[in-house]
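Me: I would like to learn how to read the features of a protein model, one at a time. Could you take me through the general idea of each and then the case at hand?

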Amino acid sequence: QRLVVCLEESIYIHNIKDMKLLKTILDIPPNTTGLCALSINHANSYLAYPGSSTSGEIALYDGNTLKTAGTIPAHDGPLAALAFNSTGSKLASASEKGTVIRVFSIPGGQKLYEFRRGMKRYVNISSLVFSMDSQFLCASSNTETVHIFKLEHLTDSRPEEPPTWSGYMGKMFQAATNYLPAQVSGMMSQDRAFATVRLNISGQRNICALSTIQKLPRLLVTTSDGHLYIYNLDPQDGGECVLIKNHSLLGSGKMEENKENDLQPPVPQSYAATVARQSTVPSASTMPGYSEDGGALRGEVIPEHEFATGPVCLDDENEFPPVSI
């Protein structure tokens, strides 16, 4: 329902149906990386973006009502990654240090989970994503390790551990947290990764996704060198994920040359200048099923003729007419 364009010092919110500009947020701190997250859920259409350039404050905005929904003091340092779950009820965040990942309830902002990625070194979190059922959260960085966390609250009704040395030390640490400073005890009580993947590369940006393929949970990792890795994820025991397939996305063939490369390209314009022009899109009043605020009228069904009847053809100019500049 919403399309968001995030610039360094402003955010534009459009109605996805007719691309009408609904709201411009100008009073945002400098956002040099264009960091923001938009919920894909229709009922919880929330937008999250950094509320400060010096601390890890998250600004929450309601994309439906076009009103501020509050702020969340998530981290001490500046934010590096934000991600909503599929229902828009949870928001995960990481700071520039990349050592701790936190999950908050939306829109209340209560901290639900806290995961520790590591303590030895600071990393740049490049990808933060929930699974569709919100059971797992995946985080990848510029290191060779991908971490998968399981969103579950452990209870005291766990089965009794066998009398081993590691089990004894674990109970000792748990008992010691009552007497240690809050910062130290909080670090010891943070949940560690449920499953991990060790890539054969390091220092490259990558994007991850948690998906279900052939009714089995899979982890997909795409790296900036053009490779897609598919791993098996054990939803019960976790541990080290097993590589199943490796695809090269670039291919060996040469790219076809553009036949229209002799045409003079149009003069580039800034995004802010394009939205300031008079829109040529039909007004919302001529589009049945939609109101002036850019949303579907309550109780009204969008006509069938507004949906594509067949598969999308990206090269069909009738379906996607060229945009005039």
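Me: What does the accessible surface of the chain come to, and what percentage of it belongs to carbon and sulfur atoms?

Reply: This is a predicted model, in which local features need pLDDT of at least 70 and side-chain atom pairs count only at pLDDT 80 or more, while totals for chains, interfaces and linings use all residues. Residues are numbered from 1 along each chain as its sequence is written, and side-chain values use heavy atoms, with hydrogens and water left out. Accessible areas come from the Shrake-Rupley method with a 1.4 Å probe, and for residues only the protein chains shown count as cover; here the surface of the chain comes to about 20,400 Å², of which 54% belongs to carbon and sulfur atoms.

Me: How many of the residues count as buried, as a percentage?

Reply: A residue is called buried under 20% relative accessible area, exposed over 50% and partly exposed in between (1.4 Å probe, protein chains only). By that rule, 38% of the 325 residues of the chain are buried.

Me: How many helices and strands does the secondary structure hold, and what is the order of strands in the open sheet of four?

Reply: Helices (H or I, at least four residues) and strands (E, at least two) are DSSP runs numbered from the N terminus, and the chain has three helices and 20 strands. Two strands pair if DSSP finds at least two bridges between them. The open sheet of four strands runs in the order S4-S5-S6-S7 with antiparallel pairing, and its edge strands, S4 (37-38) and S7 (67-75), each pair on one side only. Within this sheet, S5 (residues 46-50) and S6 (residues 56-62) are joined in the antiparallel sense over five bridges, with Tyr-46 opposite Asp-62 in S6.

Me: Which residues touch the most other members of the largest nonpolar core?

Reply: A nonpolar core is a set of buried Ala, Val, Leu, Ile, Met, Phe, Trp, Tyr and Cys residues joined through side-chain atoms within 4.5 Å. In the largest one, of 18 residues, those touching the most other members are Cys-138, Ile-148, Leu-219 and Tyr-231. At least two residues of this core come from each of the strands S13 (136-141), S14 (145-150), S15 (195-198), S16 (206-213), S17 (216-223) and S18 (227-232). A second, separate core of 16 residues includes Ala-94, Phe-130, Leu-137 and Ala-139.

Me: Why is Cys-6 not bonded to the closest cysteine sulfur, in Cys-36?

Reply: A disulfide is a covalent bond between the sulfur atoms of two cysteines, and the criterion applied is a pair of cysteine sulfur atoms within 2.5 Å. The sulfur of Cys-6 lies 4.3 Å from that of Cys-36, which is too far for a bond, and the count for the model is zero disulfides. Cys-208 is likewise in no disulfide, the nearest cysteine sulfur, that of Cys-138, being 4.0 Å away. Cys-208 counts as buried because its relative accessibility is 6%.

Me: How many aromatic pairs are there, and why is the pair of Phe-115 and Phe-149 stacked?

Reply: A pair of aromatic rings is described by the distance of the centres and the angle of the planes. Rings of Phe, Tyr and Trp (its six-membered ring) pair if their centres lie within 6.5 Å, and planes under 30 degrees apart count as stacked, over 60 as edge-to-face and the rest as tilted. The count comes to three aromatic pairs. The rings of Phe-115 and Phe-149 have centres 4.7 Å apart and planes at 25 degrees, so this pair is stacked. The two residues, in strands S11 (residues 111-116) and S14, are 34 residues apart, and both are buried.
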